[in-house]
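Student: I would like to take a close look at the side-chain pairings in this structure. Could you take me through them slowly, with the reasons behind each one?

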Amino acid sequence: MVDFALNGPFGEIECVVNGCSDKSAPILIIAHGFRGSREGGGRAAYLAERLENLCHVVRFNFNGSQLLSRQVAEIKAVVRKVRKMYPENKIFLMGRSMGGAAALIAAAQDKKIVGLILWATPNNLRQTFRTALGEEQYDLLDSGISLQLVDGRGKITLNPEFLTDTDKYDLNALLAEWKERPILFLHRESDDTVNVEQARKNFAMAGGDKEIYLFPGGDHTFTECDAEAVERIAVWLERVLSL
């Protein structure tokens, strides 16, 4: 496992690579969700270890920016760095939750990305943050009032631009334009943040080689079924790499 940092467009981006013994193996770059980290509560590290026989896995921390546009720019910076490190290797993107939306946008703008995995990814970001923040907090933010929030990672300020920035992107249009490259969707049927109907709509909108796995029960963080989800990813990667 190798740690490195790169100078991103908005500050330093901390990365870690779980390397595959096959130097020519493809690379999976993972973008975490809103207020998450490259460790994913241990789930991302487990995923990286499980896939080491199939691919190099690159995990990174967004440098603190919460704006979708900035996260897209940071993913692109990581992709550029990885291409310099592994110039001949195929690159897949994976994103969890909001990181999935950012990964979709980045992959749509980069045709050299060969495949995409969307884990608990929204179809409607405003609807998702109305659920996550609650009606009262969301309405304050939407009316132009900044929010001061505290969670397990500390204090955070959300400015109104956090919502208006998402309006720049039509995720449905990007999915409809996804014609040839493989794409995998993973979601829980009782996701308490991103309703499962958003996943079903994502899948319906996407074209090309697509698969979806809906896991019963559960929550947004895939508690109790993360190992099964990782196995689904491994099987999917093995299949698309054999094509």
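Tutor: What follows is a walk through the charged pairs, then the aromatic rings, and finally the cysteines and one helix.

Please keep in mind that this is a predicted model. Let us begin with charge. Side chains of opposite charge can pair when their charged atoms come close. In this structure the count comes to 13 salt bridges, and three of them, taken one by one, will give you a feeling for how they are placed.

In one of them, Glu197 pairs with Arg200, with 2.5 Å between the closest N and O atoms. These two residues belong to helix H8, which covers residues 196–205, and because they are 3 residues apart there, about one helical turn separates them. An α-helix has 3.6 residues a turn, so residues three or four places apart point the same way. Glu197 is partly exposed, at 47% relative accessibility, and Arg200 is also partly exposed, with a value of 35%.

Another salt bridge joins Arg239 to Asp209, where the closest N and O atoms are 2.9 Å apart. Here Arg239 sits in helix H9 while Asp209 belongs to the loop between H8 and strand S10, so this pair ties together parts that lie 30 residues apart in sequence. Arg239 is partly exposed at 28%, and Asp209 is partly exposed at 22%.

A further salt bridge brings together the side chains of Asp139 and Arg130, at 3.3 Å from N to O; Asp139 counts as partly exposed at 39%, and so does Arg130 at 29%. Salt bridges can also link up with one another, and Asp3, Arg38, Glu39 and Arg59 form such a network.

Now to the rings. A pair of aromatic rings is described by the distance of the centres and the angle of the planes. The whole structure holds 8 aromatic pairs. For Phe60 and Phe62, the ring centres are 5.1 Å apart and the planes stand at 80°, so this pair is edge-to-face. Phe60 is buried, with a relative accessible area of 0%, and Phe62 counts as buried at 8%.

Phe185 and Phe203 are also edge-to-face, with 6.0 Å from centre to centre and 90° between the planes. This pair links distant parts of the chain, since Phe185 lies in strand S9 and Phe203 in helix H8, 18 residues apart. Phe185 is buried at 3%, whereas Phe203 is partly exposed at 24%. Elsewhere, ring pairs join Phe34, Phe129 and Phe162 into a cluster.

Charge and ring can meet as well: Arg96 lies over the face of Trp119, 4.3 Å from the ring centre, and Arg181 lies over the face of Trp178, at 4.0 Å.

What of the cysteines? A disulfide is a covalent bond between the sulfur atoms of two cysteines. The structure has 0 disulfides. For Cys15, the closest cysteine sulfur is that of Cys55, and at 16 Å it is too far for a bond. Cys20 is in no disulfide either, its nearest cysteine sulfur, again in Cys55, being 7.1 Å away. Cys15 is buried at 1% relative accessibility, and Cys20 is buried at 4%.

Finally, consider helix H1, residues 43–50, whose buried residues are Ala44, Ala45, Leu47 and Ala48. Seen down the helix axis, they fall within an arc of 160°, so they line one face of H1. Their cover includes strands S2, S3, S4 and S5, together with helix H9.

Key:
Residues are numbered from 1 along each chain as its sequence is written. This is a predicted model: local features need pLDDT of at least 70, side-chain atom pairs count only at pLDDT 80 or more; totals for chains, interfaces and linings use all residues. Side-chain values use heavy atoms; hydrogens and water are left out. A disulfide is a pair of cysteine sulfur atoms within 2.5 Å. Buried means under 20% relative accessible area, exposed over 50%, partly exposed in between (1.4 Å probe, protein chains only). Helices (H or I, at least four residues) and strands (E, at least two) are DSSP runs, numbered from the N terminus. The arc is that of the directions from the helix axis to the C-beta atoms. Contact means heavy atoms within 4.5 Å. A salt bridge is a side-chain nitrogen of Lys or Arg within 4 Å of a carboxyl oxygen of Asp or Glu. Rings of Phe, Tyr and Trp (its six-membered ring) pair if their centres lie within 6.5 Å; planes under 30 degrees apart count as stacked, over 60 as edge-to-face and the rest as tilted. A charge sits over a ring if NZ of Lys or CZ of Arg is within 6 Å of the ring centre and within 35 degrees of the ring normal.
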